[in-house]
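Trainee: Before we discuss the interior of this protein, could we look at the model together?
Mentor: Yes, here it is.

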Amino acid sequence: MSAIGTLYIVATPIGNLADITQRAIQVLKDVSMIAAEDTRNTGRLLSHYEIGTRCVAVHDHNEQQKIAWLEQQVLDGNDIALVSDAGTPLINDPGYHLVNAFRAKGYPVVPLPGACAAIAALSVAGLPTDRFLYEGFLPAKTKARQERLDELRQETRTVVYYESPHRILDSLADIVSCLGEDRQVVLARELTKTFETIKSLPVAELLAWVKADPNQQKGEMVLIVAGYPKDSEQLPVDALDTLKLLQTELPLKKAAALTAKIYGLKKNALYDYGLKHGE
């Protein structure tokens with residue numbers, strides 16, 4: 001009986017074809033088959049490196065149906081390489097169901113690290129990276145997107161999003177309305193490609209900059225959003241919302257005192273905020 005095969009999770013370039021490891025190239029040559037998100041897209045990479053390994057399509061729409069067949073392949077001793085269209089598989093790409101099933105049955109699953117758009121963008125963003133939150137794509141619908149941003153208003157970690165060209169303006173506008181116009185945001189667009197752009201601005205300025213240049217509304221995009229300030233003097237967003245609500249019915253002094261009592265804050269700080277930001 002042949003030994004059980006191995007499933008290799010192989011990172012591929014996100015743009016520049018040179019951004020692939022020698023180990024990845026060798027594995028792609030040596031395995032019995034490559035499970036690819038899009039065989040045509042992967043075919044260009046394989047052609048560039050003169051790799052003739054057989055490709056099979058494994059994507060969001062057929063992944064779960066393919067698991068049993070792929071399982072039989074490794075039981076027959078065949079090694080398989082899983083690749084996505086670009087970057088590291090499973091990072092906002094197909095593969096979770098396959099890897100989960102293989103690991104549950106004890107089959108060998110081996111990672112081959114390499115390119116990842118989120119990590120590449122973080123490395124040049126100039127924002128704190130000791131702690132960060134990867135959020136994938138923001139919701140497509142406006143209401144859901146705003147609700148998600150509201151949930152993360154006081155997230156102190158740097159937050160990483162992917163975004164599509166046709167939603168970039170709406171998403172930046174929602175970040176302005178939900179997180180404030182001064183929140184620092186980095187747009188990392190078309191990383192490693194010919195028209196690579198990395199722009200860091202307060203989000204209201206970034207929105208205006210992107211609006212003014214249609215070219216910046218094209219391609220693959222990563223948004224890196226600065227976390228909520230950790231400054232101890234910074235008043236909680238929920239407290240400020242409460243203060244504003246109470247001010248519609250009460251004098252500022254009383255509204256500040258009630259808000260301070262609810263949130264355990266200093267009423268003078270809330271009162272000063274009300275004076276500075278009052279209508």
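Trainee: Which residues does Leu172 touch, not counting residues up to four places away in sequence?

Mentor: In this predicted model, Leu172 touches Val185, Val203, Leu206, Leu207, Val210 and Leu223, once residues up to four places away in sequence are not counted.

Trainee: What makes the largest nonpolar core a core?

Mentor: A set of residues earns the term when its members are buried, belong to the nonpolar types and are joined through side-chain atoms within 4.5 Å; the largest such set here has 21 residues, and those with the most contacts inside it are Tyr161, Leu172, Ile175, Val185 and Leu223. Two or more residues each come from strand S7 (158–163), helix H7 (168–179), strand S8 (184–189), helix H8 (203–212) and strand S10 (221–225), with H7 giving the largest share, five residues. Apart from this core lies another, of 17 residues, which includes Ile14, Ala118, Leu127 and Ala188.

Trainee: Why are Val237, Ala239, Leu240, Thr242 and Leu243 of helix H9 called buried?

Mentor: Buried means under 20% relative accessible area, and these residues of H9 (237–247) are therefore classed as buried. The buried residues of H9 pack against helix H10 (252–263) and helix H11 (267–277).

Trainee: Why is Gly227, in the lining of the largest cavity, counted as polar?

Mentor: The classification places Gly among the polar residues, so Gly227, which lines the largest cavity, is counted there. The lining as a whole divides into six nonpolar, one polar and two charged residues, and the cavity has a volume of about 30 Å³.

How values were computed: Residues numbered from 1 in each chain as written. Predicted model: local features only at pLDDT ≥ 70, side-chain atom pairs only at ≥ 80, totals over all residues. Heavy atoms only, no water. 1 Å grid on protein atoms, 1.4 Å probe; cavity = no way out; pocket = protein on both sides within 12 Å on 5 of 7 lines; lining within 4 Å. Points joined across faces, edges and corners; volume = space filled by probe spheres on them. Buried < 20%, exposed > 50% of the residue type's maximum accessible area, 1.4 Å probe, protein only. Helix = DSSP H or I, 4+ residues; strand = E, 2+ residues; numbered from the N terminus. Contact = heavy atoms within 4.5 Å.
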